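Trainee: Hi! Could you go through this one with me?
Mentor: Sure, pull it up and ask away.

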Amino acid sequence: KGMSKEKTVIIGRITVKGEIKVTISNLTVSNPAGRGIYCSGSQHNITNVIVLDCANDGIYCSGGSPTLENINVRNILSGSGIHCQSSDPVLNNVFISDINGQGLGLWGGSSPTIKNSKITGCTGNGLHSSGGGSPNINNVNISKCKGNGVHSDSSQTQIRNSINYSK
């Protein structure tokens, strides 16, 4: 754990794998060469984290059901601000901006709960869901994305109290 977001800066990627529950909090991650945070499996907690200036996905979740709270992901050069593969995260108070790709990319049946969040300034879709997941979106503001605000191939997508004014 870092002392504060302003004082603890990691240049490079954080990788967390396995079934041990890990908490990442109160820091800034910048990785000009790749992803910011890669987490696989379990129920990891990522809180009060800034991820910026990454060459690829800001945060990549594979499997498990991590909790991401008070997250700021911005200036990602390719991929997604947050990429979920066969993962069911809970995202609360997440801000995603200036992404050269999808703001939030959901693949492989990912079924996240996304609430009290904002996605803005993406070259792709604000939220892209493919592979049969059932995202639950509540109080999410999606704006200034060049693709669709929300693109989903699932009839199980639930959107409540959200604003979408993209394109």
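Trainee: Is Ser-86 buried, exposed or partly exposed?
Mentor: This is a predicted model, so keep that in mind. Ser-86 is partly exposed, and its relative accessible area is 41%.

Trainee: Where does Ser-86 lie?
Mentor: You'll find Ser-86 in the loop that runs between E7 and strand E8, residues 90-107. Have a look at its backbone too: phi is near 50°, a positive value, and the residue is not a glycine.

Trainee: What about Asn-70, what is its phi?
Mentor: Asn-70 has a phi of about 55°, which is positive even though Asn-70 is not a glycine. Asn-70 sits in strand E7, which covers residues 67-85.

Trainee: And how accessible is Asn-70?
Mentor: Asn-70 has a relative accessible area of 29%, and that makes it partly exposed.

Trainee: OK, new topic. How many disulfides are there?
Mentor: The count is zero.

Trainee: Why is there no bond between Cys-39 and Cys-61?
Mentor: The two sulfurs are 3.4 Å apart, which is too far for a bond, because a disulfide needs them within 2.5 Å. Cys-61 has the closest cysteine sulfur to that of Cys-39.

Trainee: And Cys-84, which cysteine sulfur is nearest to it?
Mentor: That of Cys-61 again, 4.7 Å away, and Cys-84 is in no disulfide.

Trainee: Are Cys-39 and Cys-84 buried or exposed?
Mentor: Cys-39 is buried at 2% relative accessibility. Cys-84 is buried as well, with a relative accessible area of 0%.

Conventions. Residues numbered from 1 in each chain as written. Predicted model: local features only at pLDDT ≥ 70, side-chain atom pairs only at ≥ 80, totals over all residues. Heavy atoms only, no water. Buried < 20%, exposed > 50% of the residue type's maximum accessible area, 1.4 Å probe, protein only. Helix = DSSP H or I, 4+ residues; strand = E, 2+ residues; numbered from the N terminus.
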